[in-house]
Amino acid sequence: MRIPFSPWPESAASEYRDKGYWTGETIHSLLASRAKTTPDAIAIVCGKRRINYAEFYSLVNRLSIAFAKKRLGPKDTAVIHLTNTFEFYLAFFALLKRGVTPVLALAAHRYSELSHYLSQTNAKLLISDGDIWGKQCSEMMQRLQAEHSDLAQIVMTNSLQDMPDFVTDFNSLTSEDDSIHGDLGLPNEVAFFQLSGGSTGTPKLIPRTHDDYLYSVRESSKICQLNEQSRYLCALPVGHNFSLSSPGALGIFYAGGTVVLAKDPSPDTCFSIIEAEKINITALVPPVAMVWMKSAERNAKSLASLKLLQVGGAKFSQEAAKKVEPLLGCKLQQVFGMAEGLVNYTRIDDSSEIIENTQGRPISDDDEILVLDDNDEPVARGEIGHLLTRGPYTFRGYFQAPVTNSKSFTADGFYRTGDIVRQTADGYLIVEGRHKDQINRGGEKIAAEEIENHLIAFDGVLDVALVAMPDELMGEKSCAFLIPEDVNIPVIKLRQFLRQRGLADYKIPDRFEFVPVFPKTAVGKVSKKQLRLQIIDILKGSH
Ligand code: J2J
């Protein structure tokens, strides 16, 4: 094993192979075959840049050779930290081809998150974007490099002047000769690390193999009926599991379509791209879908080409779901997925009843679904319970996290998703809530414990509990309840403190409440349920 991971038991693995789910191909092989079959078709549009499949593959090869020259290879890891630009896909495929395992950080991540990923994986390379860091760039790169002894190289897009000498400009790496085509990826090994939304103190990494991920990509591409005419707008973060694989950019590349990148998902940015590029499919999180519906009343014409809008990442209300077709003039597909594996889709030909009221059904006949009560006993069909799953593309363990793994899996390998669901008679899932200690801020996941650990380090904070509070647009926002030592602490100081610790912006609590004590459960734990009710009351009172 190049990168240690929890493999599927051999009986399951051979079944998945026998059934043709795991084909023994690598993720990057889909690009190699497209470069042969449709070399001239446009694969990526990024601003003014249009890259066809032949050029795409050639750039990937060049970059992979540049990585080889930097002495990167199997067993090595790298962190990709890029915005929605074509370089993300080049870096991703080139590392895979070289057998190097990337961690797909989000562009919103900062020092705190990157430090975790770098130290958890002993990464030798960081690929980042100078525009993310602005003036701080050089200082931040020096700091990250000084603190991580394995981090020998940093590659930058949009790099500014005066970078330290271990920083290389991305563009200089794609000018290699591409005549050598070494391929070091192995189908049954870890291809890359996806990020967990998490509920623990430190962000957890999800090892995904070529075999398992490629299966989910191929099937997703079929479920969404993608073909060479598919034109996908990637407006969510490029590395997120939804926009990468459900069916996302990889599904589009598999089908030979075109991925068009948007730098952000706002109607201002996206509507003109949809019109100019004749986009026919895109994916959004619920709050953005709501904003699009508001804007569409004035801009209906620019969306004429759009056929399918996928919405997922957080619960999309039934009322909002009903409005998609009338307001945006396209079909809705609900997607309920997770970076750990299991992805559910409503199918394109499903009745509007199913599309509006459910979050879809699993990709595979071999996705095993359990809905259990608090004692791990199955509930009756249609009743609410904890969702557990196991299957051909659901992982078997977080990277180097034995304690979390012992809690997150049953003895027979079912993953406890932390979601509360109901399953309909015909196998569709309806998300009813969440058991895990996480805030879902309009699709962006915040692990309560991670933020609590940061806040407890503030001088004068005795205890802290982070909970979700309802928000009309975002669905949920985060509220930090604090017990101060004596006097209330200025909120601006708390926010500043979290920023200084290098936390991604979306994780900074939207609201702070100071209380003398926390409500407790019968067993004496902090009752987050009571705190959630408390903040609902406060919000009602302030209206
Ligand atoms: C309610 N909750 C949802 C939905 C995800 C496709 C789509 C989304 C993700 C994703 C993904 C939800 N309704 N429609 O990886 O491939 C919540 C659940 C779930 C968690 C996973 C994909 N869709 N959720 O959102 O790893 O709580 O993946 O367990 O970021 O988001 O989050 P994440």
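**A guided tour from strand E10 to the ligand shell**

Select Leu 233 to begin: its bridge partner in strand E12 is Thr 282. The structure is a predicted model, in which local features require pLDDT of at least 70 and side-chain atom pairs count only at pLDDT 80 or more, whereas totals for chains, interfaces and linings use all residues. Residues are numbered from 1 along each chain as its sequence is written. Helices (H or I, at least four residues) and strands (E, at least two) are DSSP runs numbered from the N terminus. Two strands pair if DSSP finds at least two bridges between them.

**Stop 1: strand E10 and its partners**

Extend the selection to E10, residues 231–234, where Arg 231 and Leu 233 point one way and Tyr 232 and Cys 234 the other way. All of these residues are buried (20 or more other C-beta atoms within 10 Å of the residue's own, with C-beta atoms placed from the backbone). Add E12 (residues 281–284), which runs parallel to E10 and is joined to it by two bridges. Then add E11 (residues 258–261), also parallel to E10 and joined to it by four bridges. Here Leu 233 stands opposite Val 260.

**Stop 2: the open sheet**

Next, select E17, E18, E19 and E20, which form an open sheet in that order with antiparallel pairing. E17 (368–372) and E20 are the edge strands, each pairing on one side only. On average, neighbouring strands of this sheet are turned by 45 degrees against each other, direction ignored. Between E17 and E18 (residues 385–390) there are five bridges in the antiparallel sense; within this pair, Val 371 has Leu 387 of E18 as its bridge partner.

**Stop 3: the ligand shell**

Centre the view on the ligand and display the 23 residues around it, of which Asn 241, Phe 242, Gly 312, Gly 337 and Ala 339 come nearest. A residue is counted as near if its C-beta atom, placed from the backbone, lies within 6 Å. Helix H9 (241–245) and strands E14 (331–338), E19 (415–423) and E20 (429–434) are the elements that give two or more residues to the shell. E14 supplies the largest share, five residues. Colouring by class shows eight nonpolar, 11 polar and four charged residues (Ala, Val, Leu, Ile, Met, Phe, Trp, Tyr, Cys and Pro count as nonpolar, Asp, Glu, Lys and Arg as charged, and the others, Gly among them, as polar).

How values were computed. Axes fitted to C-alpha atoms, helices over the stretch in contact; angles between N-to-C directions. Buried ≥ 20, exposed ≤ 12 C-beta atoms within 10 Å, placed from the backbone.
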